[in-house]
Amino acid sequence: MKRLIERSRSVGEVLRWVTQNPGKVSASHYPIALHKLGQLLQQQPGPPMGAGDGRGPAGQVLEQPEFHALCQAIVSGCAKFDNFSIVNCLYAAAALGLPGESPLVRVLEDESRSRLGRFNQKDVSMVFSSEANNKALEAIFSSQLFYENRQERFIRSMAEWLPRKAENLTPYTMALIAKYVARHRLREPRLLDTIANFLLKRGEQLDSKVIQKLVFPFSRMNYRPSNHGELFPKLEAILEQKAGSSPLATVNILMSMFQLSHFPQTVLHQVFSPAFITNVMSSPYALIVRRYLSLLDAAVELEFREYSGPRLDPRYRVLMFEHALTADEANRKYSYKGLVAEALRQLVGEECYRQDEVLPPGYCTDFLLWINRSGTVLPLSRVPAASRAPPATSPVTMSLRSSVLALTSDLQVVLSVNDKWHYCQNSDILVGSRAMRDRHLRLLGYCLVQLPYTELEKVSGIEEA
């Protein structure tokens, strides 16, 4: 039956073999049939698969009773399919252009979700050994099941063939890929460079909200694309023209560039201008833009000292964050902060450190200690208030350098517990936001002591041993 399906020369022939011989069709034959249908439809003239209007050969086939019978056979029997057949059917259906709300896709996704604990990387990654078109990739990366699970093997494979197909992808599909890569912190240079080349070629035609999605993986993975010498000036020119059209997207793009230590001066003139600020203050996203602008203003003070243009009016300065980051809170039970806190409690006492202290311009520190010239850790209650950083609720109304530290011989130490999610996947490279935080804290005069999870793993079982 497999050979008969694979040798079929028409859609009708495939459907006849499968629907008229139910006793000879096994679970493994269904994904083969769906893949073959996709190949044959690609060869026929007319609108592309999944065009959405129902016209042309693809739309006509999807409406045939034989095709509905094929789908119903899969729906009825998929609970008995092996994992490989389930995954192959699901993504063959995606490549065929079936909408996510179709009964076949819904049932296959539900069945896949119930088996997640039994899936392995090969179950999913082998599906993509054949060619994937734009619609298939859109469907794949739109799938919540796929989005929630990291598929490193597939991403590595995809990095090899995506550069050849990138020019045929829509901005929407490329943005979905960028979102997935960023979510799972997959620092795959070839894939990131493909996104960067796509952005360089298409950037002028793209909405700033789409540009923001395509730029984010670079800062997330703390990665300067190989074409950054061309790309960054192009982005500056685009932002100069579109800064006011979407202020939130503009400051997001700027933040990504700042995290990569690139400071677009002309764009800063615009976002710190009275006109831009007035526009922002009357918008529903005023607070979040003020937070971004406040952190950008602090970064200019610390890292771009030669800048001489307008700055953010002190009236609008706020802390970027007033508490621990959402990711840190969500993963608290997996963090090594508890281990470090217990060690500090035993070594120096609870009165000699603060946990989750937020320091201007809004960085949450894991542990903050004060050490004098003799190396003694001081109780924070004995540290003069004028020498301590202002509390998280205080407005940032003065120069950062003078407001945070008044160091003479004493030293403020930040213990930075770098958990697994603070790094790019399978890497010792910190994500961009964490790396910029560390740069800024050092520039503010703090002494950073890095505690990577790889080292903390080694000591976490000492007491049990």
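The following conversation goes through helix contacts, a cavity and two backbone features of one predicted model.

Colleague: Before we start, what kind of model is this, and which residues count for local features?

Modeller: This is a predicted model, in which local features need pLDDT of at least 70, side-chain atom pairs count only at pLDDT 80 or more, and totals for chains, interfaces and linings use all residues. Residues are numbered from 1 along each chain as its sequence is written, and side-chain values use heavy atoms, with hydrogens and water left out.

Colleague: Let us take α12 and α14. At what angle do their axes cross?

Modeller: The axes of α12 (residues 171-183) and α14 (residues 208-220) cross at roughly 30° and come within 9 Å. Helices here are DSSP runs of H or I with at least four residues, strands are runs of E with at least two, and both are numbered from the N terminus. Axes are lines fitted to C-alpha atoms, for helices over the stretch in contact, with angles from 0 to 180 degrees between N-to-C directions.

Colleague: How are α12 and α14 placed, then, parallel or antiparallel to each other?

Modeller: From that angle, α12 and α14 are therefore roughly parallel to each other. Angles under 35 degrees count as roughly parallel, over 145 as roughly antiparallel, 65 to 115 as roughly perpendicular, and the rest as oblique.

Colleague: Which residues meet there?

Modeller: On the α12 side they are Pro171, Met174, Ala175, Ala178, Ala182 and Arg183, and they meet Val210, Lys213, Leu214, Phe216, Pro217 and Arg220 of α14; contact means heavy atoms within 4.5 Å. This contact has nine nonpolar, no polar and three charged residues. Ala, Val, Leu, Ile, Met, Phe, Trp, Tyr, Cys and Pro count as nonpolar, Asp, Glu, Lys and Arg as charged, and the others, Gly among them, as polar.

Colleague: Now α7. Where does α5 meet it?

Modeller: Cys71, Ile74 and Val75 in α5 touch Pro103, Leu104, Val107 and Leu108 in α7. The residues of this contact are seven nonpolar, with no polar and no charged ones. The axes of α5 (residues 65-77) and α7 come within 10 Å and cross at roughly 20°, and the two helices are therefore roughly parallel to each other.

Colleague: And α6 with α7, at what angle?

Modeller: The axes of α6 (residues 83-96) and α7 (residues 103-114) cross at roughly 145° and come within 10 Å. Ile86, Cys89, Leu90 and Ala93 of α6 meet α7 residues including Leu104, Glu109 and Ser112. Seven nonpolar, one polar and two charged residues make up this contact.

Colleague: Changing topic, which residues line the largest cavity?

Modeller: The lining consists of Asp328, Arg332, Ser335, Lys337, Asp419 and Trp421. By class, that is one nonpolar, one polar and four charged residues.

Colleague: Any odd backbone spots? Where is Pro361, for instance?

Modeller: Pro361 is in the loop between β1 (354-359) and β2 (363-371), and the peptide bond from Pro360 to Pro361 is cis, with omega near 10°. Another case is Asn222, whose phi is near 55°, a positive value in a residue other than glycine. Asn222 is placed in the loop between α14 and α15 (228-242).

Technical notes
On a 1 Å grid over the protein atoms alone, a cavity is a set of points where a 1.4 Å probe fits but cannot get out, and a pocket is an open set with protein on both sides within 12 Å along at least five of seven lines; lining residues have an atom within 4 Å of a point.
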